[in-house]
Amino acid sequence: EINMNLPNKLTMLRAILVPVFMACMLYIKNATVCALVSAGVFAITALTDMLDGKIARKYNLVTNFGKFMDPLADKFMVFAALLVITVKSTGVLQQVMIWSSAIVFLRELGVTSIRLVCANSEAGVVAASWFGKCKTVTQIAAIIVLILEPLVIANFFNTYFIASYVLVGAMVIMTIGSGIDYLKTYWPYMSDKK
């Protein structure tokens, strides 16, 4: 039976807010309102990510469901945001988003595969590492800047969204680095040797 304590409820709320965020990004026609509302919904979604883990650890409410569902909800949140931003981008930024999103998707699929293999080994359920958490924070920061920067500097740099490019670069570096870290840490558990 799944223990739906407060952290797990926050995790489920995060998963539910993902389509709400996507709807805001896609269907609010006014660019300013769209950016502000979408960034707000995404920020609330990201806040649940920070809160559920802290509450779970502080009050000893960590469950296997939470260890599994928490990173999965993170992936839903990040994948949906990157997908919508890529679709709405144009020119060079869209090309950058296509490649960086592909790197994020492939890394997450790889780490999820490692988690599934380790779940059936002595490693058990793989909790998020410190490196992985830093990666998630970088992804969240990049997404919020990607949403808001065009609104803030639209009259200055045209399509040269410098902060967006810098943070997307940081996101890619952290994504690859944390993926390699997971692989190195859990590689011993991938072997069939006893």
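Colleague: In this predicted model, does α5 pass α6 in a left-handed or a right-handed crossing?
Modeller: The helices in question are α5, residues 130–152, and α6, which spans residues 162–186. Where α5 passes α6, the crossing is left-handed.

Colleague: How are α5 and α6 oriented, roughly parallel or roughly antiparallel?
Modeller: Their axes come within 8 Å and cross at roughly 160 degrees. Angles over 145 degrees count as roughly antiparallel. Therefore α5 runs relative to α6 roughly antiparallel.

Colleague: Which residues make up the contact of α5 with α6, by nonpolar, polar and charged class?
Modeller: Three residues of the contact are charged and seven are polar. The nonpolar residues number 14.

Colleague: What kind of aromatic pair do Y182 and Y186 form?
Modeller: Both lie in α6, four residues apart, about one turn of the helix. Y182 is buried, and Y186 is too. By the pairing rule, the aromatic pairs come to three. In the Y182 and Y186 pair, the centres are 6.2 Å apart and the planes 25 degrees apart, so with planes under 30 degrees counting as stacked, this pair is stacked.

Colleague: Why is there no bond between the sulfurs of C24 and C34?
Modeller: C24 is buried, with a relative accessible area of 12%. C34 is buried as well, at 5%. A disulfide needs sulfur atoms within 2.5 Å. The closest cysteine sulfur to that of C24 is in C34, too far for a bond at 7.6 Å.

Colleague: How many disulfides does the count come to?
Modeller: Seen from C34, the closest cysteine sulfur is in C24, and that is too far for a bond. The disulfide count comes to zero.

Note on methods
Residues numbered from 1 in each chain as written. Predicted model: local features only at pLDDT ≥ 70, side-chain atom pairs only at ≥ 80, totals over all residues. Heavy atoms only, no water. Phe/Tyr/Trp six-rings, centres within 6.5 Å; stacked < 30°, edge-to-face > 60°. Helix = DSSP H or I, 4+ residues; strand = E, 2+ residues; numbered from the N terminus. Buried < 20%, exposed > 50% of the residue type's maximum accessible area, 1.4 Å probe, protein only. Axes fitted to C-alpha atoms, helices over the stretch in contact; angles between N-to-C directions. Parallel < 35°, antiparallel > 145°, perpendicular 65-115°, else oblique. Left-handed = near helix turned anticlockwise from the far one by under 90°. Nonpolar A, V, L, I, M, F, W, Y, C, P; charged D, E, K, R; others polar.
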